[in-house]
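Here is a short report on a model with its sequence and 3D view. Keep both in sight as you read.

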Amino acid sequence: MIFLHENAQFGRLNIEETFLYFDGPRLFTVVNAVGQRYVVNCLDIEEKEETWLLTAVSERRLAALKDGELDLRTAFVAPELDRVFKVTASPAGQLSHSEEMPSSKLTGDMLPLAGALLPSSEQIAAHVGAPFLARSLKASVVLLRLFPKTSQHEAPAESVGGLLTSFGEFLKEKLRVAYQRADALGGQVNASLVPEVNVVGAFASSLGIEFAVRGNEGTVMEALRSAVEDLASVLDLENLEDH
Amino acid sequence: MKKGADQFPIEDHCKASGLSVYVSEQDARKAIEDAARINPLARKSVVVKAVVDAQWGLIAPTPKNGNSHHTWWVPKGKTPGELFELVVSV
């Protein structure tokens, strides 16, 4: 659904995910053709004019909002781009006015209450499982972001390196076992192959993992699927998302 | 179809095309209070009440977390505003 039709400032903004809906979307994210993403909150609705507040968000910040690590008000009062946009548009989505505002000019009646968190999306998220990923990507490299079911606090910086290294080794071992299993079953995977696992980063309670696997594609992907299923089970993961 | 209804899956278009109402005044008040925490427009909402009969269309229970949320499909040409009386500003 279009939030704003093509315009010089934002391009065309499409609604991506709705978090509050009453008689229309009232709090949601929008994205334009080049991936610039904003959280949008409705300030006022009149017959011929609607007023909205937009704050640009990075993928990282949006993840923090969804995870409850960051409250919604902070996304507006401490915007990543140091400014927010107050826009007025017609009900049909034609931009009529846009005003760039420093966050210092925002008043309480334009903002969520302090501490209020982004509610769950009104749309039911499609569950993306590792087997589905492995089948649909048909690729030898799968990059996953892993979301735990509950809010987590980030580890102290000095501990992160060691944690990630250990975690990478754990995953490598899981893959090695899966390789051996596939080798014993079909002989299409050389069990002596050393799988490559790269833990590429961690932020806002999520983790990126890059698996680089070699060998017969179908069988190796089966081994990867099995390893990821084990991993999802061990970590009690809620969702797996590809990039 | 109401604005935004088309963003929902096709099986939800019918529900998204109705108006949200609550059978319980307490539930209506809570819904507004919850929305008002995150959304400035919701702070301008008030609770109003009315009794409707068959000439005012159809309603169906569509609970959210077990509350008394209903969806009301108002017939074309009817203006529900004339039915309601103000209960209280939230």
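Chain B has 2 helices and 5 strands. Here helices (H or I, at least four residues) and strands (E, at least two) are DSSP runs, numbered from the N terminus. Along the sequence, the elements of chain B follow the pattern α-β-α-β-β-β-β. This is a predicted model: local features need pLDDT of at least 70, side-chain atom pairs count only at pLDDT 80 or more, and totals for chains, interfaces and linings use all residues. Residues are numbered from 1 along each chain as its sequence is written, while chains are lettered from A and ligands numbered from 1 in the order in which they are written.

**Chain B**

Start with the sheet. Three strands of chain B form an open sheet in the order β1-β4-β3, with antiparallel pairing. Two strands pair if DSSP finds at least two bridges between them. The edge strands are β1 (19-22) and β3 (58-61) of chain B, and each pairs on one side only. From one strand to the next, the twist averages 35°. For such angles, axes are lines fitted to C-alpha atoms, for helices over the stretch in contact, and angles run from 0 to 180 degrees between N-to-C directions.

β3(B) and β4(B) run antiparallel and are joined by 4 bridges. In β4(B), H70(B) stands opposite P61(B).

Now follow the chain past β4(B). K78(B) lies in the loop between β4 (69-73) and β5 (85-89) of chain B. Is K78(B) buried or partly exposed? K78(B) counts as partly exposed because it has 13 C-beta neighbours inside 10 Å. The cut-offs are these: a residue is buried if 20 or more other C-beta atoms lie within 10 Å of its own, exposed if 12 or fewer, and partly exposed in between, with C-beta atoms placed from the backbone. K78(B) and G57(B) are 21 residues apart in sequence, and their C-alpha atoms are 9.2 Å apart in space.

**The two chains in numbers**

Two residues are in contact if their C-beta atoms, placed from the backbone, lie within 7 Å. The last column covers contacts with a separation of 6 or more, and gives the share from residues 24 or more positions apart.

| Chain | Residues | Buried | Share of contacts from residues 24 or more positions apart |
|---|---|---|---|
| Chain A | 243 residues | 30% | 57% |
| Chain B | 90 residues | 11% | 54% |

**Where the chains meet**

13 residues of chain B are in contact with 25 residues of chain A. On the side of chain B that touches chain A, helix α2 (residues 25-38) of chain B gives the most, with 3 residues. By class, that side of chain B has 5 nonpolar, 4 polar and 4 charged residues. Ala, Val, Leu, Ile, Met, Phe, Trp, Tyr, Cys and Pro count as nonpolar, Asp, Glu, Lys and Arg as charged, and the others, Gly among them, as polar.

**The sheet of chain A**

Chain A has 5 helices and 11 strands. Seven strands form an open sheet in the order β1-β2-β3-β4-β5-β6-β7, and the pairing is antiparallel. β1 and β7 (95-101) of chain A are the edge strands, each pairing on one side only. The twist averages 35° from one strand to the next.

Look at the start of this sheet. Strand β1 (residues 2-4) and strand β2 (residues 13-21) of chain A run antiparallel, joined by 2 bridges. I2(A) has N14(A) as its bridge partner in β2(A), and L4(A) stands opposite L13(A).

β2(A) also pairs with strand β3 (residues 25-31) of chain A, antiparallel, over 6 bridges. T18(A) stands opposite F28(A) in β3(A). The hairpin of β2(A) and β3(A) has 3 residues between the strands, and D23(A) takes a positive phi near 50° there.

**Helix α1 and the core of chain A**

Which residues of helix α1 (residues 59-67) of chain A are buried? They are R61(A), L62(A), A64(A), L65(A) and K66(A). Their cover includes β3, β4 (37-45) and α2 (72-77) of chain A. Just after α1(A), G68(A) takes a positive phi of about 80°.

L65(A) also matters for the next topic, the core. The largest nonpolar core has 37 residues, and V40(A), L54(A), L65(A) and A75(A) touch the most other members. A nonpolar core is a set of buried Ala, Val, Leu, Ile, Met, Phe, Trp, Tyr and Cys residues joined through C-beta atoms within 7 Å. Leaving aside neighbours within four places in sequence, L65(A) is in contact with L70(A), L72(A), A75(A) and L118(A). In soluble globular proteins, nonpolar side chains tend to be buried together.
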